[in-house]
Amino acid sequence: MRHLYLHVPFCVRRCSYCDFSIAVRKRIPAGEYVNAVLQEFVRRGEQEGSLETLYLGGGTPSLLPPEAIQSLLHELTRQIRNPQSAIRNDMETTLEANPEDVSAASVRTWRAAGVNRVSLGAQSFDDRVLQWMHRSHDAARIGAAVQALRGAGIDNISLDLIFALPEELHRDWERDLDMAISLLPSHLSLYGLTVEPRTPLDRWISRGATKLPADDRYADEYLYAHRRLTANGYHFYEVSNASLNGFISRHNSAYWSARPYLGLGPAAHSFDGRVRRWNVSAWEAYRRAISEGRSPIESEEVLTGEQRELEGLYLALRTAEGVSLSACPPDRLTAWVAAGWVVLDGGRVRCTPEGWLRLDELVAKLFATKGLSPS
Ligand code: SF4
């Protein structure tokens, strides 16, 4: 067990585009949550190993009191057998945080708990846009959060930004990127807005109150961001993720290279290299299962060799590593190279930014040539 994910489901409100399984709470049941996750960890019996990465995602992990995070990480690492090698000195420990939860005091405790990377849900530097998204922070909080993180010794900072917003918001994407770059984050994650069923955004669209921009706007903003960030020293090592040299997310890279990981908490997924398991998604159902001594695992899927191969290809094409030349149909490659969607380099096929915009299409054709269909 080298990669551990903890899902913290709590949020203060639901963002307009979010369909995650979250528990909206004014009062965060931190003690109950910490106990439940620790019990799940013990029952899973997967305490052997040398942790390389630990990731607290959500939800909003930064809503947990810093002391609760500290005691959770302390107890988890104490549980890991083989203490000499259980915790590596160079372990990457990431906390997802909302800018408004970041203060000098909270960062000091997170740092003492072992957190050395923080992913901030910035999304935009425009207060009107943040309100439309139902975010709980304003733009000024983002810079203040970055300053507080650096001041208390956490330099490895990632910012999340959302692009391709509805036209009527008049969101200035170039300005938002400039603001983000000016904070010198070591990493940025860019997500195009999507409409998920039963979200506030879905309802607004259904009643004609807003609509998503045309596909070319999505492409223009993505390609602009790619150029702008690349010119500023960032490397897109995955379709949605760019980092300065030496600052890739090692945890997420483990997912993209199909390495095993253990996930704890409601809705958390685990993968042992062959079987994918996932927990019940609702906090209450998870809490009840743990307190009644039942497994919180809702279901599992055993991947066949073929499925593992396909998933590996799909994930690899998402990354700058690309896939081996031998995995691609030679008859398609010529056309893809001519169209500027892929490049051939050192026996690998790698997507260009334009290719990443057509990732689904490329993958579908790749699979079809192999007589398979992506699930
Ligand atoms: S903070 Fe994140 S998880 Fe919570 S509602 Fe917003 S997008 Fe969803």
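Helices (H or I, at least four residues) and strands (E, at least two) are DSSP runs, numbered from the N terminus. With that settled, here is a tour of the structure. What you see is a predicted model, where local features need pLDDT of at least 70, side-chain atom pairs count only at pLDDT 80 or more, and totals for chains, interfaces and linings use all residues. Residues are numbered from 1 along each chain as its sequence is written, and side-chain values use heavy atoms, with hydrogens and water left out.

**Around the ligand**

Let's start with the ligand. A residue is near a molecule or strand if one of its heavy atoms lies within 4 Å of it. The residues that surround the ligand are C11, R13, R14, C15, Y17, C18, F20, I22, G59, T60 and R135. Sorted by class, that shell holds six nonpolar, two polar and three charged residues. For this sorting, Ala, Val, Leu, Ile, Met, Phe, Trp, Tyr, Cys and Pro count as nonpolar, Asp, Glu, Lys and Arg as charged, and the others, Gly among them, as polar.

G59, one of the residues around the ligand, has something else worth a look. The peptide bond that runs from G58 to G59 is cis, and its omega is near 20 degrees. You'll find G59 in the loop between β4 (51-58) and α2 (66-79).

**Two unusual backbone angles**

Most residues other than glycine have a negative phi, and most peptide bonds are trans. Against that background, two residues of one loop catch the eye. A164 has a phi near 60 degrees, a positive value in a residue other than glycine, and H170 is also not a glycine but has a positive phi of about 50 degrees. A164 sits in the loop between β7 (156-163) and α7 (173-182), and H170 is placed in the loop between β7 and α7 too.

How covered are they? Buried means under 20% relative accessible area, exposed over 50%, and partly exposed in between (1.4 Å probe, protein chains only). A164 is buried, at 2% relative accessibility, while H170 is exposed at 65%.

**Salt bridges**

Now for the charged pairs. A salt bridge is a side-chain nitrogen of Lys or Arg within 4 Å of a carboxyl oxygen of Asp or Glu. Searching the whole structure turns up 18 of them. Here are three, with their N to O distances:

| Pair | N to O distance |
|---|---|
| R287 and E32 | 3.6 Å |
| D126 and R128 | 3.0 Å |
| R277 and D272 | 3.7 Å |

Take the pair of R287 and E32, whose side chains meet in a salt bridge. R287 lies in helix α11 (residues 283-291) and E32 in helix α1 (residues 30-44), so this pair ties together parts that are 255 residues apart in sequence. R287 is partly exposed at 23% relative accessibility, and E32 is partly exposed at 38%. These two residues also belong to a wider set: R25, E32, E284 and R287 are linked in a network of salt bridges.

In the pair of D126 and R128, D126 counts as buried at 16% relative accessibility, whereas R128 is partly exposed with 44%. As for the remaining pair in the table, R277 is partly exposed at 26%, and D272 is partly exposed at 42%.

**A hairpin**

Two strands pair if DSSP finds at least two bridges between them. Strand β9 (residues 235-238) and strand β10 (residues 241-243) run antiparallel and are joined by three bridges. They form a hairpin, with two residues between β9 and β10. Within this pairing, F236 stands opposite A242 in β10.

**A sheet and a nonpolar patch**

Further along there's an open sheet of three strands, ordered β15-β17-β16 with antiparallel pairing. β15 (323-324) and β16 stand at the edges, each with a single partner strand, so one side of each is left without a neighbour in the sheet. β16 pairs with strand β17 (residues 348-351) in the antiparallel sense, over four bridges.

L344 is found in strand β16 (residues 342-345), and V349 in β17 is its bridge partner. L344 is partly exposed, with a relative accessible area of 47%.

L344 also helps make a nonpolar surface patch of about 230 Å², together with L325 and V337. Patches are made of residues with over 30% relative accessible area and no salt bridge, where like charges are joined within 9 Å and nonpolar side chains (Val, Leu, Ile, Met, Phe, Trp, Tyr) within 5 Å. The accessible areas come from the Shrake-Rupley method with a 1.4 Å probe, and for residues, only the protein chains shown count as cover.
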